[in-house]
Amino acid sequence: MLVAAGCCCLLPGRPSWTGSVDWPRVALLAFLHACWESVAQGVPSPCLRAVRRVRARLVRVPRPVAEPVGVIRPSANTFLPVLYAGVLMLPPGAAALVALPAALTGGAAGGPPLLRRAWNAAQFALSAWTAAVLFGALHGPRLLLGARYPVALAPALAAVLAFCLVNGVLVAGVRVLAERTPLSELARGARSVLGLPALVHALGGLMMAVLWQGPYGAFAAVLALLPLSISAWVFAQGHRERAAHRATVEALVQAVEIKDAYTRGHSERVGRASVLIAGQLGMAGERLRTLHFAGTLHDVGKLGVATELLRRNGPLTEAERRAVEVHPEYGHELVRGIDFLGEAHAGILHHHERLDGRGYPHGLAGERIPEFARIIAVADAFDSMTSTRSYRRGRPVAEAVAELRRCAGSQFDPAMVEALVAAVARHGWQPVLPPAEGEEAVPDIPLGVPEPPPRLAAGGAR
């Protein structure tokens, strides 16, 4: 539906809406947007990709190796001043065309699938068309050509506001449909796109439009983009650095899963449950991202534990249990030199401490236990109880919640337990299903909540 609406924006309408189209200007704006969008995304620009193709054909250079599927590009960053300039200088149908080349090409090989690129193109086309219609209705082109400032700023800012609101509502609408989030997400999505970056991009687009229509034309407009280009490039490098951080974490988790096959997926689920708890507590931004790393890496110390102990299907002796209980310290030693983990170090080291001080490795109690560790302890125990192991079925979510509440105040922080309960009630939780018939399931060693007695375990199986 959205793609169809975006296509309708490109159709010719009434002359008062479409006006006379300067097609060379449309083509140049579309090319500039594609180039600067590539800079913001941290991928090669269209010109560079074209040069590489020609060079590869002439010199027969081997094709570069495609990036692994796990590499995450900074696709969330978008460079909007060129789109805003198109809204201010072009009729609505033409303004909608400016975003199409960059959105449809997807930046580079291995980019988003075709349907997602079509959605992105329609999203920007509809946003630009709406903004250009509003700008024309407010007589913005006449004020802009007459250079009547500051009166001319009002229609331009109104058009940018319309662009941001339509774009934000469309993105939030997809989340509402795909993730079944509440309709209030639409209002939150509209607010999320309004801020200092939108204002800076709006002023950059206005400056570009004014200079373009001045005596020096497009050359002066392109020069005006240089300061914003540098900031976009720096921001893209930050995204690439964060992608490298994620790749580092994924490599460590994969190493743990190779050694302890049963934990496959457990690390990711603990990271996700930790984020649900923290989000319920109001944690956001960089701390939330670091907590996700901590939850995902909480068992990385198992790399230092004997594989035979991890895969033991029966009970452990006291000496063997002590050997397994050293894994938080091993994990802390393994990641101590990774600076970007920051607060995650304490979460990994202390996630088996208990509120009553009877945990390990240091026997911390109460508020002395780091917040990250208290969150991960609840997330780890919850996923362990709801996961099916070779010697017992996973417990139902309601029963696992009851067990967490029973242990709140002694083993777990009650605030973290209630945050998990509220988050699971809001977002749901899918317990791990039993392994497929014939598939080997190697049990994890229970290190959190004690295993339920046989009667409760049998009840859980029912």
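Over which residues near the end of the numbering should you look for a stretch where pLDDT stays under 50, and how many contacts beyond four places in sequence does the model have for it? Select residues 436-462: pLDDT stays under 50 there, and the model has 49 contacts for this stretch beyond four places in sequence.

**The whole chain**

Now zoom out, keeping in mind that this is a predicted model. Colour by confidence and you will be viewing a protein with an average pLDDT of 76, in which 71% of the residues score at least 70. Residues 12-18 have a pLDDT below 50, and this stretch has 6 contacts in the model beyond near neighbours in sequence.

Switch to cartoon view next. The protein has 24 helices and 0 strands. Of its 462 residues, 45% are buried. Among contacts with a separation of 6 or more, 73% join residues 24 or more positions apart.

**Stop one: the loop after H8**

Select His139, in the loop between helix H8 (114-137) and helix H9 (140-145). Check its backbone: His139 is not a glycine, yet it has a positive phi of about 60°. Is His139 buried or partly exposed? His139 counts as partly exposed, because its relative accessibility is 44%, between the 20% and 50% cut-offs.

**Stop two: helix H12**

Move on to residues 196-212, which form helix H12. Put a distance label between the C-alpha atoms at its two ends, and it should read 24 Å. That agrees with the span expected for 17 residues at 1.5 Å a residue. Then show side chains: the buried residues of H12 include Ala198, His201, Ala202, Leu206, Met208, Ala209 and Trp212. Gly204 and Gly205 are buried in H12 too.

**Stop three: helix H15 and its partner**

Select residues 266-280 for helix H15. With 15 residues at 1.5 Å each, H15 should span 21 Å, and its end C-alpha atoms are indeed 21 Å apart. Among its buried residues are His266, Arg269, Val270, Ala273, Leu276 and Ile277. Just after the helix, Gly282 takes a positive phi of about 95°.

Add helix H16 (residues 285-296) to the selection. Two packed helices are described by the angle between their axes and the distance between the axes. Here the axes of H15 and H16 come within 7 Å and cross at roughly 145°, and the crossing is right-handed. To see where they meet, show Ser267, Val270, Gly271, Arg272, Ser274, Val275, Ala278 and Gly279 on the H15 side. Across from them, H16 contributes Leu288, Leu291, His292, Gly295 and Thr296.

Stay with Ser267, which sits in H15. Why does Ser267 count as buried? Its relative accessible area is 3%, so it falls under the 20% cut-off. Leaving aside neighbours within four places in sequence, Ser267 is in contact with Val253, Gly295, Thr296 and His298.

**Stop four: a cis bond and helix H21**

Jump to Pro361, in the loop between helix H20 (344-350) and H21. The peptide bond from Tyr360 to Pro361 is cis, with omega near 10°.

Finally, find Thr386 in helix H21 (residues 371-386). Thr386 is buried, with a relative accessible area of 1%. Which backbone oxygen lies 2.9 Å from a polar atom of the side chain of Thr386? The one belonging to Phe382 does. Add Asp383 to the view as well: its backbone oxygen lies 3.3 Å from a polar atom of the Thr386 side chain.

Methods. Residues numbered from 1 in each chain as written. Predicted model: local features only at pLDDT ≥ 70, side-chain atom pairs only at ≥ 80, totals over all residues. Heavy atoms only, no water. Helix = DSSP H or I, 4+ residues; strand = E, 2+ residues; numbered from the N terminus. Expected span 1.5 Å × (residues − 1). Buried < 20%, exposed > 50% of the residue type's maximum accessible area, 1.4 Å probe, protein only. pLDDT = per-residue confidence, 0-100. Contact = heavy atoms within 4.5 Å. Polar contact = N/O pair within 3.5 Å; in protein donor to acceptor, adjacent residues only side chain to side chain. Axes fitted to C-alpha atoms, helices over the stretch in contact; angles between N-to-C directions. Left-handed = near helix turned anticlockwise from the far one by under 90°.
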